[in-house]
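Here is a short set of exercises to work through with the model open beside you. Try each task yourself before you read its solution.

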Amino acid sequence: MTQSAMGFSDLLAAARYSAVHLELRDSYNVPDEAEAVERFRLTGESDLDPESEYWRDWTAMVREATARGVVIRRARIVSEPVTLYTRYLHAMTLVNITAGEQVRWLARRNACDLALPGSDFWLFDDRGARFNHFTGDGDWADPRTSYTEDPAVAKLCATAFESVWERAVPHEQYTV
């Protein structure tokens, strides 16, 4: 596995038919979200404006990809009861959906018999897997990501994602 010379936006721009994201962690402690999570903790409010500075680049990438016919799906495996971070993600997921993503949630207890990679990943066109790496306290690790087009790894990721997707609950039916 190597660090990808292409950034995430390049990988999504190169996708022809699919981009899937499997999220496995219940908590992240990345600096670019700390203020927003704290605001949510204190007020219950989150940024739901797809054109805000926080969301603008993301929603533009997703809209461009889906306009080309790329299907973008995101599945989140979460522990229950959910963490503050999961409640925060759930509150903001409307923006992901508005931009064109499909999102589902799976309780961790319902994933016990699934073979899953050890890290969150994006899989592009069932061939390239970009893994996100975090430290034990939820911050970005160094390196932050790695990328592979190894067919066996891509197959593992595709099978894992489809297994989760099949069992997961659509966002509009999942409550926190």
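The exercises below go from the whole chain to its cores and then to single residues.

Before you start, note that this is a predicted model, in which local features need pLDDT of at least 70, side-chain atom pairs count only at pLDDT 80 or more, and totals for chains, interfaces and linings use all residues. Residues are numbered from 1 along each chain as its sequence is written, and side-chain values use heavy atoms, with hydrogens and water left out.

**Exercise 1. The order of elements**

Task: Count the helices and strands, and write down their order from the N terminus.

Solution: Begin with the definition: helices (H or I, at least four residues) and strands (E, at least two) are DSSP runs, numbered from the N terminus. Counting in this way gives 5 helices and 7 strands. Reading from the N terminus, you should get α-β-α-α-β-α-β-β-β-β-α-β.

**Exercise 2. Overall dimensions and surface**

Task: Compare the radius of gyration of the chain with that of a compact globule, then describe its box, surface and charges.

Solution: Step one is the rule, which is 2.2 Å times the number of residues to the power 0.38, with the radius taken over C-alpha atoms. For 176 residues a compact globule would come out near 16 Å, and the chain agrees because its own radius of gyration is 16 Å. Step two is the box: along the principal axes, the C-alpha atoms fill roughly 45 × 35 × 35 Å.

Step three is the surface, computed by the Shrake-Rupley method with a 1.4 Å probe, where for residues only the protein chains shown count as cover. The accessible surface is about 9,000 Å², and 51% of that belongs to carbon and sulfur atoms. As for burial, buried means under 20% relative accessible area, exposed over 50%, and partly exposed in between (1.4 Å probe, protein chains only). By this scale, 47% of the 176 residues are buried.

Step four is charge. Lys and Arg count as positive, Asp and Glu as negative, while His and the chain ends are not counted; each charge is placed at NZ of Lys, CZ of Arg, CG of Asp or CD of Glu. There are 19 positive and 28 negative side chains, and the centres of the two sets lie 4 Å apart.

**Exercise 3. The nonpolar cores**

Task: Find which residues touch the most other members of the largest nonpolar core, and which elements supply the core.

Solution: A nonpolar core is a set of buried Ala, Val, Leu, Ile, Met, Phe, Trp, Tyr and Cys residues joined through side-chain atoms within 4.5 Å. The largest one has 30 residues, and Leu12, Ala19, Ile72, Trp122 and Phe124 touch the most other members. Elements that each give at least two residues include helix H1 (8-14), helix H2 (31-43), strand S2 (71-78) and helix H4 (84-99). H4 contributes the most, with 6 residues. Another core lies apart from this one; it has 20 residues, including Leu22, Phe121, Leu123 and Ala154.

Now zoom in on Ile72, using contact in the sense of heavy atoms within 4.5 Å. Setting aside neighbours within four places in sequence, the contacts of Ile72 include Leu12, Ala19, Val62 and Trp122. On the scale of the chain, 75% of the contacts with a separation of 6 or more join residues 24 or more positions apart.

**Exercise 4. Backbone details**

Task: Locate the cis peptide bonds that lead into Pro81 and Pro143, and the positive phi values of Asp125 and Asp126.

Solution: Take the prolines to begin with. The bond from Glu80 to Pro81 is cis, with omega near 0°. Pro81 sits in the loop between S2 and H4 and counts as exposed because its relative accessible area is 77%. Its C-alpha is 8.0 Å from that of Val176, although 95 residues separate Pro81 and Val176 in sequence. The bond from Asp142 to Pro143 is also cis, with omega near 5°, and Pro143 belongs to strand S6 (residues 140-148).

Next come the aspartates. Asp125 has phi near 50°, and Asp126 has phi of about 55°. Asp125 lies in the loop between S4 and strand S5 (128-134), and Asp126 is in the loop between S4 and S5. Buried or exposed, how does Asp125 count? Asp125 is buried, with a relative accessible area of 3%, whereas Asp126 is partly exposed at 42%.
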